[in-house]
Amino acid sequence: MPFPQERPRRLRRTEALRGLVRETTLAPDDLILPLFAAPGQKVRRPVGSMPGVFQLSVDEVVAEAQAAYDAGVRSVILFGIPTRKDATGTSAWDDAEPVQQAVRALKERVPGLVVMTDVCMCEYTDHGHCGVLKPAKVGAPGSELVVDNDATLELLVKEAVSHARAGADVVAPSDMMDGRIGALRAGLDQAGFDDVPIMSYAAKYAGAFYGPFRDAAESAPVAGAGIPKDRKGYQMDPANAREALREVALDVAEGADMLMVKPAVPYLDVVRQIRDRYDLPLAAYHVSGEYAMIKAAARNGWIDGERVLLETLLCCRRAGADLILTYGAVEAARLLTGRRP
Ligand code: PBG
């Protein structure tokens with residue numbers, strides 16, 4: 001029997017050798033922690049479908065963000081549970097609502113932290129859609145409703161400007177309206193926030209992985225006459241990858257500073273294709289359903305949850321993501337650095 005000509009195993013013999021030839025790294029400052037800002041004080045309400053995730057009042061957002069910062073996570077993204085919801089989501093641009101308050105508190109209390117905000121209407125509208133609704137057919141009121149793209153753009157601009165006014169370091173629109181990056185860029189510039197970058201949820205898919213998030217943010221579409229039952233009319237079809245490149249091309253042309261693919265793991269082919277074609281920083285959103293699956297399997301003793309979390313995030317990096325949004329950011333950071341809470 002001849003000897004093998006090549007022996008890749010030679011470089012796998014010890015951890016030091018493996019470390020020497022390792023192609024991809026994962027570090028705490030690659031991670032962005034999502035936080036849910038809620039009204040009240042000393043509120044820390046667990047989200048049932050997401051172990052370790054809470055709805056937090058502003059004081060608790062600060063405590064959670066400080067702990068994340070101490071663990072090495074340098075960035076958070078805020079979602080809001082508002083004090084009120086209505087048809088046009090007016091609480092989204094109310095400077096007194098939890099997200100705006102949380103941004104101000106974080107900029108004061110954890111000054112080194114990058115504070116991002118999610119810009120979308122679904123948390124603020126009473127029907128739970130990512131924009132305002134209008135009759136699907138012009139001149140036929142009372143029939144089926146659809147999300148009104150251009151009317152929504154104006155509201156998203158107000159929301160983003162309100163976040164910037166509070167001190168947000170980055171705004172991240174997740175609504176999937178056409179033309180939103182251009183509208184936000186113009187609106188921010190006009191309001192004097194030309195230095196606030198936009199991280200675009202460029203390729204956001206209408207899949208089934210967002211369920212636990214909608215529990216956390218109380219943002220699921222509400223059942224009602226004419227109200228679309230899902231987000232397929234504006235988020236992307238999971239079958240499409242070329243269309244993601246088109247979405248990215250539009251966002252880049254409109255002035256996006258960073259790009260994102262969401263969800264992460266089932267869409268890593270999309271991450272790779274964008275990485276190969278564009279030079280902007282690229283994020284992958286390891287979404288609520290992906291996180292919940294790891295936690296559920298780990299609780300059952302079916303997988304080693306810590307190792308699966310780190311492997312998952314590393315694979316996002318290998319596919320080409322510079323940054324990863326994950327509910328496991330603090331856990332992962334502590335595992336990576338050996339730091340304990
Ligand atoms: C808001 C938004 C959603 C998520 C991020 N921003 C929910 C949705 O589109 O329904 C989902 C994040 C997650 O599942 O972790 N539009």
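Is Ala 223 buried or exposed? Select Ala 223 and look around: the residue is exposed, because just 9 other C-beta atoms sit within 10 Å, and 12 or fewer counts as exposed. Keep in mind as you click through that this is a predicted model. Ala 223 belongs to the loop between helix H6 (211-217) and helix H7 (242-254). Now add Gly 301 to the selection and draw a C-alpha to C-alpha distance: the two residues are 78 apart in sequence and 37 Å apart in space.

Next stop, strand E4. Select residues 75-80 and you have E4, which is mostly covered, with six of its six residues buried. In a regular strand, side chains alternate between the two faces of the sheet. Turn the view to check each side of E4: Ser 75, Ile 77 and Phe 79 lie on one face, Val 76, Leu 78 and Gly 80 on the other, and all of them are buried.

Keep E4 on screen and bring in its neighbours. Strand E1 (residues 31-38) runs parallel to E4, joined by six bridges. For a landmark, pick Leu 35, which stands opposite Leu 78 in E4. Strand E5 (residues 114-119) is also parallel to E4, this time with four bridges. Here, click on Ile 77 and then on Met 116, its bridge partner in E5.

Now show the ligand. Around the ligand you'll find Asp 118, Cys 120, Cys 122, Cys 130, Ser 174, Tyr 210, Phe 213, Arg 214, Arg 231, Val 287 and Ser 288. Colour that shell by residue class and you get six nonpolar, two polar and three charged residues.

On to a pair of helices. Select H10 (residues 305-319) and H11 (residues 329-337): their axes come within 10 Å and cross at roughly 95°. That makes H10 roughly perpendicular to H11. Show side chains where they meet: Glu 306, Leu 309, Leu 310 and Leu 313 come from H10, and Glu 331, Ala 332 and Leu 335 from H11. By class, this contact has five nonpolar residues, two charged and no polar ones.

Last pick: Ala 67, in helix H2 (residues 58-70). Ala 67 counts as partly exposed, because 15 C-beta neighbours lie inside 10 Å. Leaving aside residues up to four places away in sequence, Ala 67 touches Val 330 and Pro 341. To finish, draw a line from Ala 67 to Gln 55, twelve residues away along the chain: their C-alpha atoms are separated by 16 Å.

Methods: Residues numbered from 1 in each chain as written. Predicted model: local features only at pLDDT ≥ 70, side-chain atom pairs only at ≥ 80, totals over all residues. Axes fitted to C-alpha atoms, helices over the stretch in contact; angles between N-to-C directions. Helix = DSSP H or I, 4+ residues; strand = E, 2+ residues; numbered from the N terminus. Parallel < 35°, antiparallel > 145°, perpendicular 65-115°, else oblique. Contact = placed C-beta atoms within 7 Å. Nonpolar A, V, L, I, M, F, W, Y, C, P; charged D, E, K, R; others polar. Near = placed C-beta within 6 Å. Buried ≥ 20, exposed ≤ 12 C-beta atoms within 10 Å, placed from the backbone. Pairing = 2+ DSSP bridges.
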